Each structure stands twice: as structure tokens, then as C-alpha cells.
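This briefing sets out selected structural features of one protein chain for computational work. The sequence and the coordinates are shown first, and the points that follow are grouped by topic.

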Amino acid sequence: MAGSSPARPNGNQRASPSSRSVISDILAGDRNSEARHRLLIEAARREHERVREEAERVYQEHLLRQEQERLVEERKKEEERIRAEEQLAADRRKLNALKAKKVEIPPVLPDPEPVKAPPAAPKPVPAATPSQPSATQVNSNTLFGKKPEIQPASAPAAPKPFGGFGQTPTSAQPATAALKQLTPAAAASSPAISNLLGNNTQVNGVTTSATVAKPPASAPAQQGPDRLAVIHKNLKELRKSMLDQAKANPALKARMGDMRREIRKCVGQLTGGGVGVNRQQNNTIAALLREALENRVQSQLVDPNTFLVEPRAPVQGPTNNDPQIPSLFIYLLNVFAKATISQFINEGGPRPETADPVGVCIAAVFSDPAFAWRGASMIDILLAKFRIVCPVLWGYRGSEKTEQGRARIGWWKDNGRWVTEQTHFDRMTGLGAGFAAISLRNFGSSKKQNPYPPRHYWAAMAKIVNTPSAEISNTQCVVLKAMIQNYEEKFIHAYGTAALAALRTALIEFPARAPVKSSAVNSLQVVHDLLRKSTGVVLG
């Protein structure tokens, strides 16, 4: 019946003490009393207040988190805006600096007038006596104490290679002809281009002839790459000699292996970053080379001229002036060179920017006077290995579709089989970036001598862009792109306006002459577009 008490539970059912207390509380006599209801209502009100307060607290915390997230987002936007404005300001400052930089161009000298013979006297003398020198001979003997070669005035000027690269003007007439061949945009800088690779140099904007202080006669420039190949073979013979020495000298064997592994480890640890980030690795390599030079483990002595492009005579002043030095020192320089080139290939291919710290380390080692011999660097050891793996930097060309052509341009073989095209291009990318990292180092604020000045970078670029149109290869384009990308600022800093003319030749005119517009050829145009967007420089 409604309102009646519920039936009592069966006495046979057993309940736990806790359940009995709850049941007894429910079945209490005052369960329906007014006081009981007020008590329950008050408990419900307090619970409601607690839940409401908790909900308000959670809501306030949610609002605070939203506000914090909004502030963080706004801060990121502002920081991004400031970074973009700072980058824009930096780019404009660079552009303004490039526009403001002027290179004083000396005027073109007039053609020398031919020496006129004195008028013949009205005497019936058939010829001058042998003891009387001619006017030309007299003049030649009074110029710098030596007789120059005088070309006939009617001899035509030799044509200059494409883009103003490579050839040295022998007189004012060929230089003038070279200027006429350049485009109007590059005409202003063509004297600098003509002088960078030739026998003329500019000092404070004044052109001086290098023949005034001409160095001793040396081998022709075109013999350099062949000599580098000979040095590479000599280094292989040295390695065999070191193995034979190690068999007879246990101390040399143990120490030589440790030094080789330590140098390879240090080169592999080179990373980009701020100044001094690789100081420990550089100091370790220098300490190992110094130890080898001191010959503590008694390695045999060798003649360094065997591993140099040009032989060197003794000079006054340098620390290392002896006719022979420890073979372990040459061996470790070879190990260091091989490790750096491997780093260029393995790391610089996929990430060309990693080549720069390796280039810094190479410059630090080969510019150290303690490791020079007879006043000059031993960097020919590194160049010999570079010449083998990337011959196009020295002007070698070949077809990528033939066995002989691939061998000439440095296409590598792995277990007797040519590597894939992508692997080859990755290797060339790393080597091109590495060559730029070595040859575009700025020694303006250093007391040390640059072991490989930027003129070698210019010469390598000239050898590539002067390739006949029918012989342009994808390998050349890949190497040229790697040489230029990420190093435009260093190149322009080294050569100023002349660098802009050279970049125009390399990025616009050279790919335009390629018979096949492949992706490698088009990548040069991409570099030009990126340069124009980042700096605002329009090459053409």
C-alpha cells in the first residue's frame, strides 16, 4: 500500500555490518520527518555549492590557459615579424653595400707605337756593320735590363674565351678586343676579369705588370693536373713504404695506427656553429702532426719535393728548411686529406653547408707555418687527391655515356661497377662545395698566408664555363652549382664587381649554351633566381 513501510527483509538473509548500518539508517523511524528532509536538503545544497565552486575553478583555469596560449601565439607572431624585418633590413644593407662598392678601373693603355728605324743616310753603304746594334735592340736592352718579345703591329689579337675568363692579355690591343666581346652589363668589370687569372694584378686599383717582379721560371700551368696525378701515385708508394717500416718498427706501427684513427675521428666530428666550436678537433690534429714532424717514433726521412707540384729551393727564415722530413708527417697529411675529402663526399653531398667547417679546418692546418716546408704550404698533397676524384675542377671533360669519358670526369666505380647517376651527382655536389670552402677563405685579418687563395676558385670556374657548347656535361653543371650556391657572398667579397660578371657568365650564359636543357643545367638558373630573391642582384 502507498505510504506504508516496506516489507522487512527475511530473517534468513544475512547482511554485512556496513550494509546493516545503511539499512538501519534508511529504516529509521524519522526517515520521513521534516528535520530529516531539511538535513538532506542542506547536504544536497552544500554538495551543489562544492560542485559549482569546483566547476568555476576549473573554468577559471581554462580561461587562464587560453589567455596564456593567446599571449604565446601573439609573442611568436611578433618575433616572427621582427625576424622577417631584421632579415629584410640585413638583405637591404647587403644590397646597398654591393651597390655602393666600386672598383676603380684603370684606363686602357694605348697601343705602343712601333719603333721606327732611323732614316738611312745617303751613303752608298749596303748595310750596317755587325758591331752596331739596331734601335730596337738598344731600346730592349734598356727596359728592366732584359729584352722583351716585340710582336709585329700587324699581328691580329687572339680571341678571348667565352665570358672574359682564362686568357691573359699580352698587350693593350687584345685587352680592348676582349672588352668589346663582353655584354654591356659586364663591360665595366671586364678589366678586373681579364687581370684576375693573368699576369696583371691590381694593387689599390692600379694595374701593375707581374713581369716586373717575375718569379723564377716554372712548369707551364697546364702541366699542374698531370703533376698532381703523379703526386697521387707517389702517395700510394709512400703508404706501401710506411707499411714496410711498420713491420720493422713495432713502435711506429702502434703509434701510426693510433694517429691515423684519431685524425679520422676528429675530421668526422667537425660541425658548423660559432667560432671555436671545432677548436678541440683542430688542436688534436695539429698536435698529432707536430708529433710526427718531431719524428719521435723514428720514421724514415723523405724528400718533400716528391709530393709537390714545383720543387722548392732552400730559403731563409722558415722553421722546416731541411732537404728531408719524416715520412710519418707526409703520411699523416695524406690521411688528413683523404679524411676531409671523404667528409665532403659523404656529408657534403646531401648537405652542402656541412663542407664549410671542413674547409676551415683544412685552411687552419695548411696555413700553419709549423707545417709548411721552405716557406710554402704542403697543400699539394690534398690537391692531388682532389684532382683524382673531381677532375672537372682542373678543366677535364668527357662524355658521361662512355667508359673513357666517365673515367675522365671522375665518375666513381664501386666493386668494379659505375655508381648510379644520383650517387655520382651527390659526390660532385659535396666536392664542389668543398672546393669552394677551401679556396674562398678570407685571410684578410690573419697573419698567416692563405694556402689556396681565391684565384684558384676563379681558375676552376673559368675552366668549366669556357667549355665548348657541344662538350658541356651535367657533371660540370652540378659542380658549378655546388661551387656557387652558399658561397656567392664570399665570391663577391673577394672580387667585387668582377664576381658579378663571372656569376652572370656561370649562371646565365653558360647554361644557355648547353645543348640539352637537363635538370642539372636548369639548376644553375634556379641558383640565379634564388640569388636575385635573396639579395636583389639582377645579373641579366
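R374 is buried in this predicted model, because its relative accessibility of 11% falls under the 20% cut-off. The residue is found in the loop between α11 and α12 (380-389), and its phi is positive, at about 55°, although R374 is not a glycine. The points below take up a second residue with positive phi, two buried asparagines, the largest nonpolar core and the second largest pocket.

**Positive phi in an exposed loop residue**

- Q298, a residue other than glycine, also has a positive phi, near 60°.
- Q298 lies in the loop between α9 and β3.
- Q298 counts as exposed, because its relative accessibility is 58% and the cut-off for exposed is over 50%.

**Surroundings of N305**

- The loop between β3 (301-302) and β4 (325-326) contains N305.
- With a relative accessible area of 17%, N305 is buried.
- Residues up to four places away in sequence not being counted, N305 touches R227, E310, P311, R312, W373 and R374.
- A polar atom of the N305 side chain lies 2.9 Å from the backbone nitrogen of R312.
- N305 and I231 are 74 residues apart along the chain, and their C-alpha atoms are separated by 9.6 Å.

**Surroundings of N450**

- N450 has its place in the loop between α14 (421-439) and α15.
- N450 counts as buried, because its relative accessibility of 16% is under 20%.
- Two backbone atoms are partners of the N450 side chain: the nitrogen of Y452 is reached at 3.1 Å, and the oxygen of R441 lies 3.3 Å from a polar atom of that side chain.
- When neighbours within four places in sequence are left aside, N450 is in contact with R441 and F443.

**Nonpolar core and helix α15**

- In soluble globular proteins, nonpolar side chains tend to be buried together.
- The largest nonpolar core here has 106 residues, of which L328, I330, F386, M461 and F491 touch the most other members.
- Helix α10 (residues 327-348) provides the largest share of this core, 13 residues.
- Helix α15 (residues 455-465) is largely enclosed by the rest of the structure, because eight of its eleven residues are buried.
- The buried residues of α15 are Y457, W458, A459, A460, M461, A462, I464 and V465.
- F491 touches Y457, W458 and M461 of α15.
- The other contacts of F491 are L440, G496, A499, A502 and L503, again not counting residues up to four places away in sequence.

**Second largest pocket**

- The volume of the second largest pocket is about 870 Å³.
- Its lining comprises 33 residues, and those closest to the centre of the pocket are V360, C361, A363, A364 and R441.
- R441 is also a contact of N450.
- At least two lining residues come from each of α9 (279-294), α11 (355-366) and α17 (488-495).
- With seven residues, α11 gives the most to the lining.
- Classified by type, the lining has 15 nonpolar, twelve polar and six charged residues.

How values were computed. Residues numbered from 1 in each chain as written. Predicted model: local features only at pLDDT ≥ 70, side-chain atom pairs only at ≥ 80, totals over all residues. Heavy atoms only, no water. 1 Å grid on protein atoms, 1.4 Å probe; cavity = no way out; pocket = protein on both sides within 12 Å on 5 of 7 lines; lining within 4 Å. Points joined across faces, edges and corners; volume = space filled by probe spheres on them. Helix = DSSP H or I, 4+ residues; strand = E, 2+ residues; numbered from the N terminus. Nonpolar A, V, L, I, M, F, W, Y, C, P; charged D, E, K, R; others polar. Buried < 20%, exposed > 50% of the residue type's maximum accessible area, 1.4 Å probe, protein only. Contact = heavy atoms within 4.5 Å. Polar contact = N/O pair within 3.5 Å; in protein donor to acceptor, adjacent residues only side chain to side chain. Core = buried A, V, L, I, M, F, W, Y, C linked by side-chain atoms within 4.5 Å.
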